[in-house]
Amino acid sequence: MSARPFEDSAAAAPRPSITAKGLTKTYRTGEVEVQALRGVDLTLYQSELVVLLGPSGSGKSTLLNILGGLDRPTAGQVFFDGAELTAFDESAMTRFRRDNVGFVFQFYNLIPSLTARENVALVTEIAPQPIAPDEALRMVGLGERLDHFPAQLSGGEQQRVAIARAIAKQPRILLCDEPTGALDSKSGIIVLEAIQRVNEELGTTTALITHNAVIAEMADRIISFADGHIAETRVNPDKRRAGEMDW
Amino acid sequence: MSALDRKLRRDLWRLRGQVVAIAFIVASGVGVLIMSLSSLEALRETAAAYYERYRFAEVFAEVKRAPRVLEAKVAQLPGVQAVETRIVEFAIIDVEGFGEPIIGQFVSLPERGQPVLNRLALRSGRWIAPDRVDEVIIGEPFAEAYGLKPGDSFEAVLKGNKRSLQIVGIALSPEFVYSIGPGALMPDDERFGPFWMGREALAAAYDLEDSFNNLVLSLLRGSDPNVVIERLDGLLEDYGGVGAYARKDQVSNWFIMNELEQLRSMSRILPTIFLAVAGFLTNMVLARLIAMERTEIGLLKAFGYSNLAVGWHYAKMVMVMAGLGVLLGWAVGYGLGQFNTQVYAEQFRFPFLLYRPGPGPFVIAAVVSLLAALIGAAGAVRGAVALAPAEAMRPPAPPSFRKGGLSDGRLSGLLDQPSRMILRQLVRWPLRAFLTSAGIAMAVAVMISSLQWLDSIDHMVEVNFFQAQHQDIMVGLVDAEQESVLREFENLPGVLAVEPQRIVTAVFRAGTRRHRGALNGILPDARLQPAYDSAGRVVPVPPSGLVLSTMLAEKLGVEPGDKVWVEILEGRRPNLAVPVTALFDTYIGMPAYMDLAALNRLLLEPRRVAYLDLLVDEAEQAALFAELKETPKVAAVMVRRAAVDTFHETLARTLMIFVSFFVAFGCSLAFGVAYNTARIALSERGRELATLRVLGFSRWEISYILLGEVGLTVLVGLPLGCLTGLGLTWLITSAFVTELYRIPLVIEPATYGLAVVIVLLAAGISGLLVRRRLDRLDLIAVLKTRE
């Protein structure tokens with residue numbers, strides 16, 4: 001990619017994809033109150049790849065869940081396409097997830113009774129403008145394993161199916177929570193390559209949570225979390241290919 | 001409390017929905033068993049105590065007329081403990097406002113005090129004054145039917161003389177526990193009742209001064225009634241004795257014993273099936289429940305708990321679940337048992353009721369239920385403790401699915417992914433799916449086998465009262481009359497047709513086997529009441545020889561072509577070997593038929609008739625009844641419509657109450673199975689469903705996947721259940737054979753339908769309950785944690 005819009009925001013004003021304002025989230029578990037988010041302001045821009053870094057419990061996943069419409073903030077607002085996400089009711093929220101968001105989790109959450117192709121078709125059947133399941137799987141390098149069941153795939157392959165499943169609907173946002181957390185480095189890198197490729201080829205806004213600072217090198221921006229708020233936002237001038245990384 | 005016990009307590013609370021559903025299943029089995037066995041026990045005990053306290057006789061005999069001095073001779077027979085001679089006569093009663101003639105059985109009482117045998121339980125009023133000839137004590141059921149009380153009076157025709165009688169007391173008697181009129185199958189308290197009068201008064205009315213025509217005996221402990229009967233018959237022969245009989249052949253007692261026998265079949269077979277089904281379901285449900293605890297079992301083992309400790313922990317868990325069900329079943333069974341016994345007692349008319357269920361049924365039910373639960377859990381726990389702790393703690397590897405077979409035919413190409421998930425899930429675990437279907441099938445089957453009683457009884461009524469009988473009224477004559485009596489009755493108002501019958505009491509013997517019953521002489525071309533088999537065919541009665549019901553033939557061990565010794569206990573008391581010419585199946589009783597002319601030939605009494613079947617114009621029925629009440633020749637009037645009504649009414653009171661309990665238990669079974677199936681499926685697949693929600697599937701779409709799977713197993717279970725129901729019903733009807741009834745195997749399509757609908761409803765309600773949980777599925781928590 002030649003253009004680096006995020007280096008200089010004045011150059012070619014990037015369009016915001018999703019915006020969070022003053023997000024707080026308090027969990028109450030029994031007697032204890034946990035402040036997972038303490039006032040987070042954040043905008044994800046179209047086509048950028050953002051890596052969220054931070055220790056466990058710093059609020060990364062909570063933020064991602066709220067952005068993806070899986071959870072609601074205690075206070076604050078989220079805007080997507082000019083609409084206030086935080087005001088959506090349950091069915092509008094489901095609609096939002098169905099049409100706009102792709103999720104990838106640490107534990108792939110594939111449906112064991114469906115083949116790779118069928119797991120992807122699960123999503124394309126209900127999405128408005130999907131790409132063909134075969135094509136999505138080819139993008140993640142699984143064109144040869146279309147008819148394998150999860151039990152017949154390695155962990156990395158399963159995760160790539162999960163990515164294919166997430167992107168087959170052509171989501172506007174792709175949210176990945178520790179996608180390589182359960183994988184060895186070799187498989188992890190293949191998975192990251194798939195994410196990077198999707199980000200570049202489809203222009204999907206991508207947010208990726210990780211513990212692994214090395215992975216941050218593939219990001220356009222790196223956002224560090226600590227204690228429920230954003231500690232640092234850094235633009236990455238030397239974006240690397242996933243295939244060049246090692247840990 | 002140890003940490004493990006605390007875990008147990010909280011687990012049980014967490015699983016409370018399933019705990020309740022399992023308790024329901026267990027309670028159904030336990031409740032049915034206790035209800036049935038305890039009512040049976042209570043009725044037996046009550047009958048025995050009643051007989052004992054009110055000194056119910058053990059041998060009964062009727063004579064034409066015997067002098068009272070004979071009493072002393074009878075008392076001296078070896079084995080005899082006490083003798084009571086009596087006068088017993090039938091008479092037509094007229095109660096104001098009731099058109100039909102009522103049959104009263106008049107029994108004499110000693111001039112002072114209680115009789116030695118067959119004592120009365122005086123319910124209200126007083127004893128008869130020694131010198132009053134118009135005072136009478138009446139049976140309580142009859143009094144209740146007409147709201148009669150001491151001080152009221154009614155009219156009776158005693159040997160052609162109309163008398164006004166004054167009621168002074170109301171009583172029950174062990175002789176009329178089952179108060180049944182001549183020729184009837186069920187007590188009909190509006191048309192039959194026992195009456196007690198002073199001996200002198202009855203003797204005067206029937207010209208039996210210093211005589212008796214009925215006597216009853218009690219026996220010394222250990223003496224053989226048959227020996228006493230033989231000697232007694234010898235003594236009574238010259239006085240028109242028609243053969244003494246033992247208590248087991250006494251009408252009321254015979255009916256009670258038959259009913260108890262019927263109840264015994266019911267309380268053995270159905271509850272056993274219920275308990276077995278409940279055991280199977282408990283087993284199945286708990287096995288799946290424990291299988292889900294795999295991670296926790298691994299964790300406990302990792303901490304160093306022994307296999308035994310882990311096993312014991314889960315054993316306690318299932319014992320609490322099953323134990324709750326057992327307690328609930330005990331309480332429900334006890335309550336319903338008592339209720340059920342009361343219902344029966346009302347029909348049987350006991351003056352008191354002993355409901356003191358012994359520990360037997362309670363222990364059996366508890367042991368069976370707990371064992372079933374423990375065995376079910378044991379398999380699952382064994383599977384879990386067999387794993388190395390580390391492996392147990394890892395989520396199970398994704399189950400392997402394979403292409404091909406049922407899930408990937410051409411059909412599969414037409415399916416969307418959610419439907420494919422449902423199908424693959426079922427094909428992947430066919431045994432589990434089958435067991436669930438089997439559980440539902442059992443619920444359907446139990447429901448069918450309970451509901452079918454209604455069909456069977458309707459069918460019995462249809463065949464016995466409508467297809468086989470066409471007379472409106474059957475009249476019993478005081479004595480056998482010449483055939484010319486037919487013309488007399490033909491001329492009565494409203495009578496369209498008359499056909500004669502002769503019914504005599506007879507003892508049938510073949511080898512050592514013996515049956516005391518009735519022999520019906522009918523016209524070979526009888527139209528109003530021909531011999532009729534259970535298949536709805538008229539059975540031709542040949543000019544000579546016997547046509548026996550299969551049940552009687554079996555009892556005697558004879559086949560067509562064999563000879564049966566028939567001793568007719570009437571007239572010249574012939575005892576002849578008669579060939580059996582044909583057999584036929586019946587649902588009710590053990591009838592034996594013969595050509596009327598042939599029967600009269602045996603008796604050397606040509607052209608005699610004793611019963612008349614009348615076809616009546618309904619418009620003139622009232623006039624006919626009025627006429628019959630005044631006809632001295634008439635000893636009994638049996639109205640077919642009334643017989644049908646009482647048959648239905650009585651069964652509605654007893655059998656149907658029983659059946660409705662079974663249906664209720666069947667519902668709770670169905671609910672328990674369906675709820676647990678859906679609930680366990682939810683636990684097993686919560687993660688998958690949450691993933692789908694995250695991917696943008698709506699609640700309804702994931703409900704479809706979960707409930708679709710459950711629904712499909714339920715749908716498979718339904719036809720399976722109908723088949724199993726047919727099998728169970730066959731089992732029940734073949735085991736349910738008494739001398740009085742054979743229950744036909746009849747299941748109407750509507751019964752299948754109803755059973756299916758009830759189970760579908762139960763499944764639907766459980767589905768809705770589980771769907772509410774789907775709405776509350778915690779998406780984040782499910783995705784964050786590994787299983």
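**Figure 1. B:R288 in helix α7 of chain B.** In this predicted model, B:R288 sits in helix α7, residues 251-291 of chain B. Helices (H or I, at least four residues) and strands (E, at least two) are DSSP runs numbered from the N terminus. B:R288 counts as buried because its relative accessibility is 12%; buried means under 20% relative accessible area, exposed over 50%, and partly exposed in between (1.4 Å probe, protein chains only). Leaving aside residues up to four places away in sequence, B:R288 touches B:R432, B:T436, B:T677, B:I680, B:A681 and B:E684, where contact means heavy atoms within 4.5 Å. One of these partners, B:E684, is 396 residues from B:R288 in sequence, yet the two C-alpha atoms are 9.3 Å apart in space.

**Figure 2. The largest cavity in the structure.** Here we look at a space that B:R288 helps to line. The whole structure holds 6 cavities of 30 Å³ or more, and the largest has about 80 Å³ of space. On a 1 Å grid over the protein atoms alone, a cavity is a set of points where a 1.4 Å probe fits but cannot get out, and lining residues have an atom within 4 Å of a point. Grid points are joined across faces, edges and corners, and the volume is the space filled by probe spheres set on the points. Besides B:R288, the lining of the largest cavity is made up of B:Q425, B:L426, B:W429, B:R432, B:A433, B:T436, B:T677, B:A681, B:E709, B:V710 and B:T713. Helices α13 (417-428), α14 (430-467), α20 (655-694) and α21 (699-735) of chain B each give at least two residues to this lining. By type, the lining has 5 nonpolar, 4 polar and 3 charged residues; Ala, Val, Leu, Ile, Met, Phe, Trp, Tyr, Cys and Pro count as nonpolar, Asp, Glu, Lys and Arg as charged, and the others, Gly among them, as polar.

**Figure 3. B:E688 and its contacts in two chains.** B:E688 belongs to helix α20 of chain B. With a relative accessible area of 11%, B:E688 is buried. Its partners, not counting residues up to four places away in sequence, are A:I111 and A:P112 from chain A, together with B:M421.

**Figure 4. B:A21 in helix α2 of chain B.** Find B:A21 in helix α2, which spans residues 16-53. B:A21 is buried, its relative accessible area being 1%. Setting aside residues up to four places away in sequence, B:A21 touches B:G672, B:Y675 and B:N676. By contrast, B:K301 is 280 residues from B:A21 in sequence and 29 Å away in space, C-alpha to C-alpha.

**Figure 5. The buried side of helix α18 of chain B.** In α18, residues 621-629, the buried residues are B:Q621, B:L624, B:F625, B:L628 and B:K629. They lie on the same side of α18(B) because they cover an arc of only 135 degrees around the axis, the arc being that of the directions from the helix axis to the C-beta atoms.

**Notes for all views.** Chain B averages a pLDDT of 85, and 94% of its residues score at least 70; pLDDT is the predictor's confidence in each residue, from 0 to 100. The model scores ipTM 0.70 and pTM 0.73. Residues are numbered from 1 along each chain as its sequence is written, and chains are lettered from A and ligands numbered from 1 in the order in which they are written. Local features need pLDDT of at least 70, side-chain atom pairs count only at pLDDT 80 or more, and totals for chains, interfaces and linings use all residues, while side-chain values use heavy atoms, with hydrogens and water left out.

Terms used: On a 1 Å grid over the protein atoms alone, a cavity is a set of points where a 1.4 Å probe fits but cannot get out, and a pocket is an open set with protein on both sides within 12 Å along at least five of seven lines; lining residues have an atom within 4 Å of a point.
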